[in-house]
Amino acid sequence: MEILDGRLASQTIREELKLKTAQRGVEGKKTPHLAAVLVGNNGASETYVNAKVKACAEVGFKSTLIKLTEDITESALLSTIEKLNVDPDIDGILVQLPLPKQVSENKIINAINPLKDVDGFHPVSVGKMIQGLDTFIPATPYGIMLLLEHYKIETAGLHAVVIGRSNIVGRPISILLSNNTQPGNCTVTLCHSRTRNLEALCREADIIVAALGKPEFIRADMVKGGAILVDVGITRVADPGKKSGFALKGDAHFESVAPKCSWITPVPGGVGPMTIAGLLKNTFRACEEQDDSSEQ
Ligand code: NAP
């Protein structure tokens with residue numbers, strides 16, 4: 001069994017971006033600038049946004065964190081997005097999900113300028129991704145593809161079972177793994193809470209992408225010997241022994257599943273850091289593309 005080490009792979013990507021960002025400075029080009037919008041006081045969301053802002057600083061990007069209160073109206077959030085859309089110094093906009101009930105996530109996502117859609121959730125980005133065109137890919141599935149690429153995992157012809165059909169993870173990774181690319185060229189089965197015989201499907205899988213958010217759901221008897229397991233799940237489980245009061249659990253029971261796998265991602269230290277690497281790459285790309293459009 002070998003570890004798909006997201007910390008290591010993301011470090012390589014960050015170092016590359018740091019050099020490229022410094023080079024932009026030498027050439028007198030603008031510094032990539034991410035705007036992150038955080039609504040309310042959700043502890044997990046705050047942790048994720050802070051990690052993204054910190055990662056921007058590490059690679060030399062600018063970032064602006066906009067904190068808004070839980071009771072914000074939809075129209076006020078839309079006007080915040082509109083200001084960021086037209087601000088020439090902002091290259092990428094991310095709105096941390098989930099949003100409070102009074103705000104439609106779809107409306108907010110649709111309001112983001114597709115040129116600044118570094119989360120890759122806008123219908124323009126999603127449509128291009130489905131057509132196999134070059135575009136912003138949502139950060140988590142992008143990070144998973146980068147991780148498979150980093151470790152040169154040959155995926156052509158493998159049967160991938162993806163568990164979870166969210167727009168953020170399950171659906172996009174099922175599309176990317178089925179693309180005629182490397183990594184890719186998998187035969188993909190997309191599973192969800194209504195799937196019958198999930199355990200039997202998992203036992204047939206060469207690759208399992210677990211993105212259901214149910215801690216330690218995947219057990220050793222659900223995994224074929226030599227399978228590749230990508231564990232996307234991150235759930236905070238109460239743990240009085242920890243200073244924070246919780247432990248982070250993946251969707252697989254790592255200790256029992258890992259010995260059966262050829263490759264496995266740990267939680268934490270697997271998909272999480274790769275998600276940030278995906279976001280940073282998208283932000284850099286947004287900045288370069290906006291250079292190109294301003295030169296025309
Ligand atoms: P989500 O929107 O809640 O979607 C969960 C999906 O899992 C749904 O499609 C659901 O099916 C399916 N599901 C739930 N229980 C199931 C079961 N017993 N059997 C089969 N399918 C089941 O979650 P998400 O946003 O995709 O996130 C999934 C997990 O990944 C969470 O733990 C989240 O925290 C984590 N995550 C991690 C990162 C990272 O950077 N590492 C990034 C994003 C998300 P239905 O559609 O039928 O309800």
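Serine 193 places a polar side-chain atom 2.5 Å from an oxygen atom of the ligand. The model is predicted. The protein covers 70% of the 930 Å² of accessible area that the ligand has on its own. Away from the ligand contacts, this briefing also takes up a parallel strand pair, strands 2 and 3.

**Polar contacts to the ligand**
- The side chain of arginine 165 has an N or O atom 2.7 Å from an oxygen atom of the ligand.
- Isoleucine 234 makes its contact through the backbone: a polar backbone atom sits 3.1 Å from a ligand oxygen.
- For serine 193, the atom in question belongs to the side chain, and the distance is 2.5 Å.

**The shell around the ligand**
- There are 20 residues around the ligand.
- Those that come nearest are Arg165, Ser166, Ser193, Ile234 and Thr275.
- By character, the shell holds nine nonpolar, nine polar and two charged residues.
- Helix 10 (residues 271-295) contributes the most to this shell, with three residues.

**Strands 2 and 3**
- Strand 2 spans residues 33-39 and strand 3 spans residues 62-68.
- The two strands pair in the parallel sense, over seven bridges.
- Between them, the chain runs through helix 2 (residues 43-59).
- This β-α-β crossover is right-handed.
- Histidine 33 has lysine 62, in strand 3, as its bridge partner.

Methods: Residues numbered from 1 in each chain as written. Predicted model: local features only at pLDDT ≥ 70, side-chain atom pairs only at ≥ 80, totals over all residues. Heavy atoms only, no water. Pairing = 2+ DSSP bridges. Helix = DSSP H or I, 4+ residues; strand = E, 2+ residues; numbered from the N terminus. Right-handed = clockwise from strand over helix to strand, strands pointing away. Near = heavy atom within 4 Å. Polar contact = N/O pair within 3.5 Å; in protein donor to acceptor, adjacent residues only side chain to side chain. Areas by Shrake-Rupley, 256 points an atom, 1.4 Å probe, with all protein chains shown as cover. Nonpolar A, V, L, I, M, F, W, Y, C, P; charged D, E, K, R; others polar.
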